[in-house]
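Reader: I have a structure to go through at the bench. Could you take my questions one at a time?

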Amino acid sequence: MYGFEDRLREEGFEVIEIEVPVVSPKAKDYRALCEKNDCKEYGTNWGCPPGVGTLEECAETLNSYHEAFLVIKRYVLDPKNAKDMKRAKDDLGDSSRRAADMIRPSAPVKVLSDGGCRYCGVCTYPGGACRYPLQRTDSISGYGIDMEELLKKIGRKFAFEDCAATLNSIILIGKTRK
Ligand code: SF4
């Protein structure tokens with residue numbers, strides 16, 4: 001109805017309608033992993049913990065949406081190559097944001113993605129408010145979502161590969177405006 005699925009598919013993404021995800025019982029473990037900061041994104045932007053809010057706040061946000069779509073793309077690259085990984089994450093983030101822009105005139109929309117928000121060169125976190133709240137993307141794991149479980153529900157497996165990375169975003173859509 002919003003046209004974003006066809007556009008994403010034309011750009012090489014898979015788009016699958018899923019149940020609106022919930023905060024997992026394992027969410028505190030995911031937050032502990034975030035705090036270890038292996039990704040170097042913890043505490044650097046409003047889309048990652050702690051800036052993204054408490055798990056209770058994330059649950060409330062998820063609850064306020066009625067539809068969800070998983071966006072998937074497998075990028076052939078060396079996952080240890082930080083530059084290539086950044087390029088792939090930016091590609092997913094940019095396309096997911098463009099999809100959200102198509103939905104926004106008709107319904108509230110939010111994008112969750114692999115990793116935090118990288119929209120601005122340097123995020124305002126923690127000193128100032130988010131510059132572009134509508135373009136902000138939040139971390140799937142920061143929200144305490146169990147991706148393994150989510151993929152299992154749609155018959156997919158969470159897999160790490162030496163020569164590729166499969167990245168995901170989740171587009172959340174609220175009630176259509178009349
Ligand atoms: S849109 Fe900019 S200011 Fe807002 S969270 Fe993303 S990077 Fe930070």
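Author: Let us begin with a single cysteine, keeping in mind that this is a predicted model. Leaving aside residues up to four places away in sequence, Cys-163 touches Val-76 and Asp-78.

Reader: In which loop is Cys-163 found?

Author: The helix that precedes Cys-163 is helix 5, which covers residues 147–153. Cys-163 is found in the loop between that helix and strand 5.

Reader: Is Cys-163 buried or exposed?

Author: A residue counts as exposed if 12 or fewer other C-beta atoms lie within 10 Å of its own. Cys-163 has 8 other C-beta atoms within 10 Å, and therefore Cys-163 is exposed.

Reader: How far apart are the C-alpha atoms of Cys-163 and Lys-86?

Author: Along the chain, Cys-163 and Lys-86 are 77 residues apart. In space, the separation of their C-alpha atoms is 15 Å.

Reader: What is the order of the strands in the open sheet?

Author: The chain has five helices and five strands, and they follow one another along the sequence as α-β-α-α-β-α-β-β-α-β. The open sheet consists of five strands with mixed pairing. Strand 1 (14–18) and strand 4 (137–139) are its edge strands, each pairing on one side only. The order of the strands in this sheet is 1-2-5-3-4.

Reader: Which residue of strand 4 is the bridge partner of Ser-113?

Author: Strand 3, residues 109–113, runs parallel to strand 4, and three bridges join the two. The bridge partner of Ser-113 in strand 4 is Ser-139.

Reader: Which helix packs on the sheet and touches strand 2, strand 3, strand 4 and strand 5?

Author: The helix in question spans residues 82–103, and its direction makes about 20° with that of strand 5 (164–173). The helix that packs on the sheet in this way is helix 4.

Reader: Why can the chain be called as compact as a globular protein of that length?

Author: For 178 residues the globule rule gives 16 Å, and the radius of gyration of the chain is close to that value, so the chain is as compact as a globular protein of that length. Along its principal axes, the C-alpha trace spans about 45 × 40 × 35 Å. The radius of gyration on which the reasoning rests is 15 Å.

Reader: How many residues of the shell around the ligand are nonpolar?

Author: The ligand is surrounded by 14 residues, and the closest are Trp-46, Cys-117, Cys-120, Cys-123 and Cys-130. Four residues of this shell are polar and two are charged, while the number of nonpolar ones is eight.

How values were computed:
Residues are numbered from 1 along each chain as its sequence is written. This is a predicted model: local features need pLDDT of at least 70, side-chain atom pairs count only at pLDDT 80 or more; totals for chains, interfaces and linings use all residues. A residue is near a molecule or strand if its C-beta atom, placed from the backbone, lies within 6 Å of it. Ala, Val, Leu, Ile, Met, Phe, Trp, Tyr, Cys and Pro count as nonpolar, Asp, Glu, Lys and Arg as charged, and the others, Gly among them, as polar. Helices (H or I, at least four residues) and strands (E, at least two) are DSSP runs, numbered from the N terminus. The radius of gyration is taken over C-alpha atoms; the globule rule is 2.2 Å times the number of residues to the power 0.38. Two strands pair if DSSP finds at least two bridges between them. Two residues are in contact if their C-beta atoms, placed from the backbone, lie within 7 Å. Axes are lines fitted to C-alpha atoms, for helices over the stretch in contact, and angles run from 0 to 180 degrees between N-to-C directions. A residue is buried if 20 or more other C-beta atoms lie within 10 Å of its own, exposed if 12 or fewer, and partly exposed in between; C-beta atoms are placed from the backbone.
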